[in-house]
Amino acid sequence: MRDSTTKAMAGPRPVVLSGPSGAGKSTLLKKLMKEYDSVFGFSVSHTTRNPRPGEENGRDYHYVTREVMQRGIDNGEFIENAEFSGNMYGTSKAAVQDVQARNLICILDIDMQGVRNIKTTDLNPIYISIQPPSMAVLEKRLRDRKTESEENLQKRLKAAEVDMEFSKEPGVFDAVIVNDNLEDAYGQLKHALLEEINLVKKIKVSS
Ligand code: ADP
Ligand code: 5GP
């Protein structure tokens, strides 16, 4: 899937955060966006899943029906899309362009199919995988989060096993971070992004 519109708008390199559901991507991402609110912008994906308590339409996701999502895909509005745990998810071109137009580092939170698909575009992001310390810890975190039905939880755990193997494939990720202690993982994430963060700060100071 080649796409030049996103590249044409490119400023700083985007960042892809991937890894199993429950590994801590949103938690780390929210910390990053809080500390560097004028550096990072979140690519708001579309999904057909229902919002969780506390989630907001347009901030966490654009919540849509399958029909609306499929129409958008057919119209070429998406950079990538995937089916995960019984629902559709996708990154629209507009989601990335909105962030890049503000000269912010665009962060995409996407699954491994998304990573594979983005690699066929010319978006050229930094790829970071967030992994849990073990399957047992992952299951506990997902259960404690209390957002999934048992059926959905099992689907996510199955997908997690595949994802953990995928993260070991050489050359796929620029950094693989094990989120055991949150502060340690956050430190590693910042370290992996330091060069881009400094670049954006420099651009902002000189403009
Ligand atoms: P993801 O976005 O990858 O699905 P979340 O950020 O929602 O994962 O994290 C899953 C759950 O684990 C949340 O309830 C979160 O508060 C918790 N969590 C995240 N990181 C840690 C950590 N390092 N230690 C303990 N709990 C964590
Ligand atoms: P959740 O339902 O927990 O918010 O997300 C489930 C999975 O979908 C996570 O692995 C998340 O990274 C992934 N995801 C969220 N948005 C997108 C997207 O736009 N594209 C793809 N491919 N995956 C996404």
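This briefing walks through the largest pocket of the structure and the two ligands placed in it. The model is a predicted one, so please read each distance and area below as a computed value. Ligand 1 sits in the largest pocket, and the space taken by ligand 2 is that pocket too. The notes start with the pocket itself and then turn to each ligand.

**The largest pocket**

- The space in the largest pocket comes to about 960 Å³.
- Its lining is made up of 41 residues, and Lys-25, Ser-26, Arg-52, Asp-109 and Arg-145 are the ones that lie nearest the centre.
- Five elements each give two or more residues to this lining: the helices α2 (25-35), α6 (135-145) and α7 (150-166), together with the strands β5 (78-84) and β6 (87-92).
- Among the elements, α2 gives the most to the lining, with six residues.
- Sorted by class, the lining has 15 nonpolar and 15 charged residues, alongside eleven polar ones.

**Ligand 1: who surrounds it**

- Around ligand 1 there are 14 residues, and those that come nearest are Gly-22, Lys-25, Ser-26, Thr-27 and Arg-145.
- Lys-25, Ser-26 and Arg-145 appear in this nearest group and are also listed nearest the centre of the largest pocket.
- The shell around ligand 1 holds seven polar, four charged and three nonpolar residues.

**Ligand 1: polar contacts and cover**

- Ser-26 brings a polar side-chain atom to 2.6 Å from an oxygen atom of ligand 1.
- Gly-24 takes part through its backbone, with an N or O atom 3.0 Å from an oxygen atom of ligand 1.
- A nitrogen atom of ligand 1 has a polar side-chain atom of Arg-141 at 3.3 Å.
- On its own, ligand 1 has 570 Å² of accessible area, and the protein covers 73% of that.
- Helices α2 and α6 are the elements that give two or more residues to the shell around ligand 1.
- The largest share of that shell, three residues, comes from α2.

**Ligand 2: who surrounds it**

- Ligand 2 is surrounded by 16 residues, of which Ser-45, Arg-49, Tyr-61, Tyr-89 and Asp-109 are the closest.
- Seven charged, five nonpolar and four polar residues make up the shell around ligand 2.

**Ligand 2: polar contacts and cover**

- The side chain of Asp-109 has an N or O atom 2.6 Å from an oxygen atom of ligand 2; Asp-109 is also among the residues nearest the centre of the largest pocket.
- Arg-52, another residue listed nearest that centre, places a polar side-chain atom 2.8 Å from an oxygen atom of ligand 2.
- From the backbone of Ile-110, an N or O atom lies 3.5 Å from an oxygen atom of ligand 2.
- Of the 510 Å² of accessible area that ligand 2 has on its own, the protein covers 96%.
- Strands β5 and β6 are the elements that give two or more residues to the shell around ligand 2.

Conventions:
Residues numbered from 1 in each chain as written. Chains lettered and ligands numbered in written order. Predicted model: local features only at pLDDT ≥ 70, side-chain atom pairs only at ≥ 80, totals over all residues. Heavy atoms only, no water. 1 Å grid on protein atoms, 1.4 Å probe; cavity = no way out; pocket = protein on both sides within 12 Å on 5 of 7 lines; lining within 4 Å. Points joined across faces, edges and corners; volume = space filled by probe spheres on them. Helix = DSSP H or I, 4+ residues; strand = E, 2+ residues; numbered from the N terminus. Nonpolar A, V, L, I, M, F, W, Y, C, P; charged D, E, K, R; others polar. Near = heavy atom within 4 Å. Polar contact = N/O pair within 3.5 Å; in protein donor to acceptor, adjacent residues only side chain to side chain. Areas by Shrake-Rupley, 256 points an atom, 1.4 Å probe, with all protein chains shown as cover. Sits in = over half its atoms within 2 Å of the grid points.
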